[in-house]
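Reader: Hello! Could you take me on a close look at the empty spaces inside this protein, and then at how its helices pack against each other? I would enjoy one connected walk through it.

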Amino acid sequence: MANMAPSPSIFLFLSLFVITFSLANSQSFVGVNYGQVADNLPPPDSTASLLKSTSIGKVRLYGADPAIIKALANSGIGIVVGAANGDIPSLASDPNAATQWVNANVLPYYPASNITLITVGNEILTLADQSLASQLVPAMQNLQNALNAASVKIKVSTVHSMAVLTQSDPPSSGLFNPALQNTLKQLLTVLKDNKSPFTINPYPFFAYQSDPRPETLAFCLFQPNSGRVDSGNGKLYTNMFDAQVDAVHSALTSMGFQDVEIVVAETGWPSRGDSNEVGPGLENAKAFNGNLINHLRSLVGTPLMPGKSVDTYIFALYDEDLKPGPGSERAFGLFKTDGTMAYDAGLAKSSQQAPSTSPKTPVTPAPNTSGWCVPKAGVSDNQLQANIDYACSHGIDCGPIQPGGACFEPNTVASHAAFAMNLYYQTSGKNQWNCDFSQSATLTSQNPSYNACTYVGGST
């Protein structure tokens with residue numbers, strides 16, 4: 001008997017199982033930075049308890065504080081530890097210094113404390129003083145060699161600012177600074193050989209500060225917008241985060257290192273700032289971080305790296321009251337130092353998605369309307385794709401419109417958009433503004449379900 005092809009329902013079941021299993025525990029791709037430039041931080045044990053109460057899967061330290069590392073033992077939370085800029089000369093010049101660093105900062109705690117990555121220095125290649133740049137790769141290699149000699153499976157990398165790129169718009173044109181090409185080639189070769197990630201700090205917040213238009217704010221906050229088409233490849237971007245990450249991917253590809261994994265070491269949005277700063281605010285911070293977390297959980301990925309989420313560390317766990325600079329620098333915290341949330345970004349283990357950033361409910365709301373949310377006639381494919389990206393990045397299950405899913409056929413943007421837009425509407429409160437999508441959607445009383453593809457909805 002000829003082998004029978006598995007039914008689409010089997011593929012759908014398996015895909016839903018994988019997604020459900022991955023979300024049942026802490027999201028490994030949602031991490032947080034634990035900065036310590038403050039004089040009011042809680043004890044490490046309290047911080048460990050706070051982290052374990054959330055869906056945060058990883059924490060990045062800027063040093064190797066033994067109290068914090070020990071407090072996170074047996075928690076399962078991944079830990080990134082850092083070697084300071086000042087450690088680089090000795091690590092680069094003396095392999096024994098690298099061995100001693102590992103013996104002091106890793107081996108006493110590993111594997112009970114789940115150390116996964118060591119970052120060497122911070123934004124070294126874009127410092128005004130370039131004296132450390134030539135020592136960076138030897139320091140990284142010596143540390144990696146010391147870890148390998150100890151049979152410890154921990155990777156080594158270094159963190160970069162977006163300033164390592166001289167071109168990032170459109171994302172397909174992303175290029176590294178030509179002046180850094182030689183150093184970067186050596187660095188990327190080490191990363192590729194050791195299967196270590198390229199770590200980067202993209203901040204849509206700073207992009208908005210340099211272009212403070214309303215449409216730019218919506219683009220940076222993952223809110224509904226018309227999107228930006230990459231003139232190089234025609235791909236539509238609906239948020240700045242994806243655009244920045246893909247620019248880095250393009251830069252890596254241009255140097256032949258497209259297989260090197262990208263990790264976002266920092267990104268975030270401040271909840272307050274000085275009166276002359278553009279962009280800080282509680283609602284903006286809540287929208288950015290909440291929507292970012294939903295975007296990561298959706299597993300949609302980016303236009304150039306679809307179907308997976310980039311490991312991302314949000315800055316930061318707490319406000320750091322001793323940091324210099326404008327007021328916003330001291331206001332990136334997701335949590336207050338008493339352990340309560342600065343705002344709800346959807347990181348509680350019970351959270352399925354971050355709170356909606358839809359308009360406030362009117363005092364006299366329009367009644368919920370029965371029916372299904374579908375695209376209006378004549379809407380462009382670009383707008384429909386933007387609607388799909390927005391809906392699928394906001395916590396709904398878009399597995400049915402993936403290959404093998406019950407609603408994948410017909411494989412058209414309009415059909416997929418109808419499913420995603422309706423599911424977003426049905427799960428977001430079924431208010432009129434939940435079926436708006438930049439005025440490209442409408443409600444219908446005709447059930448669009450077909451064959452095995454079921455559209456949630458109907459009478460309320």
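**Inside spaces and helix contacts**

Author: Gladly! By class, 3 nonpolar, 4 polar and 2 charged residues make up the lining of the largest cavity. Please keep in mind that this is a predicted model. The residues around that largest cavity are Phe241, Asp242, His295, Leu296, Gly301, Thr302, Lys308, Ser309 and Val310. Two helices take part in this wall, as α10 and α11 (282-298) each give at least two of the lining residues. The space inside the largest cavity comes to about 50 Å³. In total, the structure has 3 cavities of 30 Å³ or more.

Next comes the second largest cavity, with about 40 Å³ of space. Around it sit Arg60, Val80, Leu117, Thr119, Val159, Thr199, Val263, Ala265 and Tyr313. Here the elements that contribute two or more lining residues are the strands β4 (115-122) and β11 (262-267). The lining of the second largest cavity divides into 6 nonpolar residues, 2 polar ones and 1 charged one.

From the cavities we can move to a pocket. The second largest pocket holds about 780 Å³ of space. It is lined by 38 residues, and those closest to its centre are Met162, Asn201, Pro202, Tyr203 and Gln244. Several elements give two or more residues to this lining: β6 (165-167), α8 (204-210), α9 (214-220), β9 (228-229) and α10 (240-254). Helix α10 therefore deserves a second glance on your screen, because it supplies at least two residues to the lining of the largest cavity and two or more to that of the second largest pocket. By class, the pocket lining has 19 nonpolar, 10 polar and 9 charged residues.

Now for the helix contacts. Helix α5 (residues 95-105) packs against helix α6 (residues 133-149) at an angle of about 55 degrees, and their axes are 8 Å apart. That angle makes α5 oblique to α6, and the crossing of the two is right-handed. On the α5 side, the contact uses Pro95, Ala98, Thr99, Trp101 and Val102, which meet Asn142, Leu143, Ala146 and Leu147 of α6. This contact of α5 with α6 has 7 nonpolar residues, 2 polar ones and no charged ones.

Helix α6 has another partner, helix α7 (residues 181-193): their axes come within 10 Å and cross at roughly 10 degrees. With that angle, α6 is roughly parallel to α7. From α6, the residues in contact are Ala133, Leu136, Val137, Met140 and Gln141, while α7 brings Thr183, Gln186, Leu187, Val190 and Leu191. Sorted by class, the contact of α6 with α7 has 7 nonpolar, 3 polar and no charged residues.

Finally, let us visit one more pair. Helix α12 (residues 381-392) packs with helix α13 (residues 413-427) at an angle of about 40 degrees, with 9 Å between their axes. The crossing of α12 and α13 is left-handed. Asp381, Leu384, Gln385, Asn387, Ile388, Tyr390, Ala391 and Cys392 are the α12 residues in this contact, and from α13 come Val413, Ala414, His416, Ala417, Ala420, Met421 and Tyr424. The contact of α12 with α13 divides into 11 nonpolar, 3 polar and 1 charged residues.

Methods: Residues are numbered from 1 along each chain as its sequence is written. This is a predicted model: local features need pLDDT of at least 70, side-chain atom pairs count only at pLDDT 80 or more; totals for chains, interfaces and linings use all residues. Side-chain values use heavy atoms; hydrogens and water are left out. On a 1 Å grid over the protein atoms alone, a cavity is a set of points where a 1.4 Å probe fits but cannot get out, and a pocket is an open set with protein on both sides within 12 Å along at least five of seven lines; lining residues have an atom within 4 Å of a point. Grid points are joined across faces, edges and corners, and a volume is the space filled by probe spheres set on the points. Helices (H or I, at least four residues) and strands (E, at least two) are DSSP runs, numbered from the N terminus. Ala, Val, Leu, Ile, Met, Phe, Trp, Tyr, Cys and Pro count as nonpolar, Asp, Glu, Lys and Arg as charged, and the others, Gly among them, as polar. Axes are lines fitted to C-alpha atoms, for helices over the stretch in contact, and angles run from 0 to 180 degrees between N-to-C directions. Angles under 35 degrees count as roughly parallel, over 145 as roughly antiparallel, 65 to 115 as roughly perpendicular and the rest as oblique. A crossing is left-handed if the near helix is turned anticlockwise from the far one by less than a right angle, and right-handed if clockwise. Contact means heavy atoms within 4.5 Å.
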